Amino acid sequence: WMSRNTEPQAPDAALPESPVAAQLRSGFRWLRFGAELEGAYRTDWYRERLVYLRVNLSIALLLFLIFILATRRVMSADSQAVMNLVRYSALIPSVVLALTVTFLKDGRRWYPRAISLLAPVALGAIAVLVILGWSHGQPLLFSALVLAMIAAYVLNGLQFFGAVTAHLLAL
(Lines give C-alpha, C1' and ligand atoms only; values in the text may rest on other atoms or scores of the structure.)
Protein backbone atom coordinates (compact mmCIF):
# COMPACT_ATOMS: atom_id res chain seq x y z
CA TRP A 1 0.00 0.00 0.00
CA MET A 2 1.04 3.49 -0.64
CA SER A 3 1.01 5.99 2.13
CA ARG A 4 -0.30 9.46 1.50
CA ASN A 5 1.35 12.55 2.78
CA THR A 6 -1.45 14.52 4.42
CA GLU A 7 0.63 17.50 5.42
CA PRO A 8 -0.41 20.66 3.59
CA GLN A 9 2.08 21.66 0.92
CA ALA A 10 2.86 25.23 0.01
CA PRO A 11 2.64 25.16 -3.80
CA ASP A 12 4.64 28.38 -4.20
CA ALA A 13 7.55 26.98 -2.24
CA ALA A 14 7.77 23.86 -4.43
CA LEU A 15 7.87 25.70 -7.74
CA PRO A 16 11.09 27.17 -9.09
CA GLU A 17 10.76 30.64 -10.58
CA SER A 18 9.75 30.38 -14.23
CA PRO A 19 6.95 31.62 -16.51
CA VAL A 20 5.10 28.35 -15.89
CA ALA A 21 5.34 28.75 -12.10
CA ALA A 22 4.16 32.36 -12.31
CA GLN A 23 1.20 31.23 -14.46
CA LEU A 24 0.27 28.49 -11.99
CA ARG A 25 0.32 30.99 -9.14
CA SER A 26 -1.82 33.54 -10.97
CA GLY A 27 -4.35 31.09 -12.46
CA PHE A 28 -5.90 30.80 -15.90
CA ARG A 29 -8.30 33.67 -16.33
CA TRP A 30 -10.25 33.34 -19.60
CA LEU A 31 -8.47 30.04 -20.29
CA ARG A 32 -5.39 31.78 -21.65
CA PHE A 33 -1.80 31.70 -20.54
CA GLY A 34 0.20 34.82 -19.82
CA ALA A 35 1.64 36.60 -22.86
CA GLU A 36 4.98 34.75 -22.90
CA LEU A 37 3.48 31.30 -22.39
CA GLU A 38 0.56 31.96 -24.75
CA GLY A 39 2.96 32.80 -27.58
CA ALA A 40 5.06 29.70 -26.88
CA TYR A 41 1.93 27.54 -26.68
CA ARG A 42 0.56 28.83 -29.99
CA THR A 43 3.93 28.35 -31.70
CA ASP A 44 4.19 24.76 -30.45
CA TRP A 45 0.52 24.08 -31.25
CA TYR A 46 0.97 25.31 -34.82
CA ARG A 47 4.21 23.40 -35.34
CA GLU A 48 2.78 20.13 -34.00
CA ARG A 49 -0.40 20.36 -36.06
CA LEU A 50 0.99 21.85 -39.27
CA VAL A 51 0.94 18.59 -41.23
CA TYR A 52 -2.65 17.89 -40.13
CA LEU A 53 -3.67 21.44 -41.01
CA ARG A 54 -2.22 21.08 -44.50
CA VAL A 55 -3.92 17.70 -44.95
CA ASN A 56 -7.23 19.12 -43.72
CA LEU A 57 -7.06 22.11 -46.05
CA SER A 58 -6.18 19.78 -48.94
CA ILE A 59 -9.16 17.58 -48.06
CA ALA A 60 -11.39 20.67 -47.96
CA LEU A 61 -10.15 21.73 -51.40
CA LEU A 62 -10.72 18.24 -52.78
CA LEU A 63 -14.22 18.05 -51.25
CA PHE A 64 -15.14 21.44 -52.67
CA LEU A 65 -13.98 20.34 -56.13
CA ILE A 66 -15.98 17.11 -55.84
CA PHE A 67 -19.07 19.07 -54.78
CA ILE A 68 -18.58 21.43 -57.72
CA LEU A 69 -18.58 18.46 -60.10
CA ALA A 70 -21.60 16.92 -58.36
CA THR A 71 -23.67 20.11 -58.40
CA ARG A 72 -22.90 20.61 -62.09
CA ARG A 73 -24.63 17.30 -62.75
CA VAL A 74 -27.76 18.02 -60.68
CA MET A 75 -28.21 21.76 -61.17
CA SER A 76 -29.61 23.35 -64.28
CA ALA A 77 -27.29 25.02 -66.76
CA ASP A 78 -28.83 28.45 -66.16
CA SER A 79 -27.67 28.40 -62.51
CA GLN A 80 -24.06 27.56 -63.29
CA ALA A 81 -22.76 30.99 -64.35
CA VAL A 82 -23.43 32.70 -61.02
CA MET A 83 -22.44 29.62 -59.04
CA ASN A 84 -19.13 29.38 -60.93
CA LEU A 85 -18.46 33.05 -60.23
CA VAL A 86 -18.89 32.44 -56.48
CA ARG A 87 -16.96 29.16 -56.54
CA TYR A 88 -13.95 30.40 -58.46
CA SER A 89 -13.74 33.95 -57.16
CA ALA A 90 -14.27 33.29 -53.44
CA LEU A 91 -14.50 29.67 -52.29
CA ILE A 92 -11.60 27.95 -54.07
CA PRO A 93 -9.19 30.92 -53.80
CA SER A 94 -9.86 31.17 -50.04
CA VAL A 95 -8.84 27.57 -49.46
CA VAL A 96 -5.86 27.79 -51.81
CA LEU A 97 -4.63 30.97 -50.09
CA ALA A 98 -5.06 29.41 -46.63
CA LEU A 99 -3.08 26.37 -47.74
CA THR A 100 -0.39 28.60 -49.29
CA VAL A 101 0.05 30.56 -46.06
CA THR A 102 0.91 27.33 -44.22
CA PHE A 103 3.99 27.02 -46.44
CA LEU A 104 5.29 30.52 -45.72
CA LYS A 105 8.41 30.83 -43.59
CA ASP A 106 6.49 32.90 -41.03
CA GLY A 107 3.24 30.96 -41.51
CA ARG A 108 2.73 30.48 -37.77
CA ARG A 109 2.30 34.23 -37.41
CA TRP A 110 0.32 34.81 -40.62
CA TYR A 111 -2.00 31.80 -40.68
CA PRO A 112 -4.31 32.88 -37.82
CA ARG A 113 -4.68 36.32 -39.41
CA ALA A 114 -5.23 34.93 -42.88
CA ILE A 115 -7.75 32.30 -41.84
CA SER A 116 -9.70 34.83 -39.78
CA LEU A 117 -10.24 36.74 -43.04
CA LEU A 118 -10.52 33.80 -45.44
CA ALA A 119 -12.88 31.61 -43.39
CA PRO A 120 -15.75 34.15 -43.45
CA VAL A 121 -15.21 34.62 -47.20
CA ALA A 122 -15.35 30.85 -47.81
CA LEU A 123 -18.31 30.38 -45.47
CA GLY A 124 -20.11 33.31 -47.07
CA ALA A 125 -19.49 31.78 -50.49
CA ILE A 126 -20.88 28.45 -49.27
CA ALA A 127 -23.96 30.24 -47.90
CA VAL A 128 -24.48 31.99 -51.25
CA LEU A 129 -24.05 28.69 -53.14
CA VAL A 130 -26.53 26.92 -50.86
CA ILE A 131 -29.08 29.72 -51.26
CA LEU A 132 -28.59 29.70 -55.05
CA GLY A 133 -29.08 25.94 -55.03
CA TRP A 134 -32.20 26.29 -52.94
CA SER A 135 -33.59 28.93 -55.30
CA HIS A 136 -33.10 26.43 -58.14
CA GLY A 137 -34.91 23.58 -56.38
CA GLN A 138 -32.32 21.98 -54.08
CA PRO A 139 -34.09 21.30 -50.73
CA LEU A 140 -31.07 20.80 -48.41
CA LEU A 141 -30.60 24.40 -47.33
CA PHE A 142 -30.24 24.19 -43.53
CA SER A 143 -28.35 20.89 -43.34
CA ALA A 144 -25.87 22.07 -45.99
CA LEU A 145 -25.12 25.25 -44.04
CA VAL A 146 -24.66 23.40 -40.76
CA LEU A 147 -22.34 20.84 -42.37
CA ALA A 148 -20.35 23.59 -44.06
CA MET A 149 -19.84 25.46 -40.81
CA ILE A 150 -18.79 22.34 -38.92
CA ALA A 151 -16.42 21.37 -41.71
CA ALA A 152 -14.91 24.86 -41.79
CA TYR A 153 -14.25 24.78 -38.06
CA VAL A 154 -12.73 21.31 -38.08
CA LEU A 155 -10.78 21.52 -41.32
CA ASN A 156 -9.08 24.88 -41.07
CA GLY A 157 -7.86 24.91 -37.49
CA LEU A 158 -9.72 27.93 -36.17
CA GLN A 159 -9.65 28.47 -32.46
CA PHE A 160 -13.12 28.48 -30.87
CA PHE A 161 -13.71 32.25 -30.72
CA GLY A 162 -12.24 32.68 -34.20
CA ALA A 163 -14.66 30.06 -35.51
CA VAL A 164 -17.63 31.73 -33.83
CA THR A 165 -16.62 35.11 -35.27
CA ALA A 166 -16.11 33.64 -38.77
CA HIS A 167 -19.50 31.93 -38.68
CA LEU A 168 -21.27 35.06 -37.50
CA LEU A 169 -19.61 37.12 -40.23
CA ALA A 170 -20.55 34.53 -42.85
CA LEU A 171 -24.20 34.59 -41.82
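**Close-up views of an all-helix chain**

Read along the sequence, the chain follows the pattern α-α-α-α-α-α-α. This is a predicted model, and the views below take us from the whole chain to single side chains.

**Figure 1. The chain as a whole has seven helices and zero strands.** Of its 171 residues, 33% count as buried. The chain exposes about 11,900 Å², and carbon and sulfur atoms supply 69% of that area. Among contacts with a separation of 6 or more, 62% join residues that sit 24 or more positions apart.

**Figure 2. Helix 5 spans residues 107-135 and carries a kink.** With 29 residues, helix 5 reaches 39 Å from its first C-alpha to its last, close to the 42 Å expected at 1.5 Å a residue. Follow the helix to I115 and you will find the centre of the kink, which is about 30 degrees. Just after helix 5 comes G137, a residue with a positive phi of about 100 degrees.

**Figure 3. The largest nonpolar core gathers 18 residues.** Helix 3 (35-74), helix 4 (77-101) and helix 5 are the elements that give two or more residues to this core. Look for F64, L91 and I126, the residues with the most contacts inside the core. Setting aside residues up to four places away in sequence, F64 touches L91, I92, V95 and I126. Apart from this core lies another, made of 14 residues, including A98, V101, A114 and L118.

**Figure 4. S94 is a buried serine in helix 4.** S94 counts as buried because its relative accessibility is 5%, below the 20% cut-off. A polar atom of the S94 side chain lies 2.6 Å from the backbone oxygen of A90. The two positions are a good place to recall the helical repeat: an α-helix has 3.6 residues a turn, so residues three or four places apart point the same way. Leaving aside neighbours within four places in sequence, S94 is in contact with L118, V121 and A122.

**Figure 5. R113 is a partly exposed arginine in helix 5.** Its relative accessibility is 45%, so R113 counts as partly exposed, a class that runs between 20% and 50%. For a sense of distance, compare R113 with V101: the pair is twelve residues apart in sequence, and their C-alpha atoms are 10.0 Å apart in space. V101 is also one of the 14 residues of the second core seen in Figure 3.

Definitions and conventions. Residues are numbered from 1 along each chain as its sequence is written. This is a predicted model: local features need pLDDT of at least 70, side-chain atom pairs count only at pLDDT 80 or more; totals for chains, interfaces and linings use all residues. Side-chain values use heavy atoms; hydrogens and water are left out. Helices (H or I, at least four residues) and strands (E, at least two) are DSSP runs, numbered from the N terminus. The expected span of a helix is 1.5 Å times one less than its number of residues. The bend at a residue is the angle between axes fitted to the seven residues ending there and the seven starting there. A nonpolar core is a set of buried Ala, Val, Leu, Ile, Met, Phe, Trp, Tyr and Cys residues joined through side-chain atoms within 4.5 Å. Buried means under 20% relative accessible area, exposed over 50%, partly exposed in between (1.4 Å probe, protein chains only). Contact means heavy atoms within 4.5 Å. A polar contact is a pair of N or O atoms within 3.5 Å; within protein, one must be able to donate a hydrogen and the other to accept it, and residues adjacent in sequence count only if both atoms are side-chain atoms. Accessible areas come from the Shrake-Rupley method with a 1.4 Å probe; for residues, only the protein chains shown count as cover.
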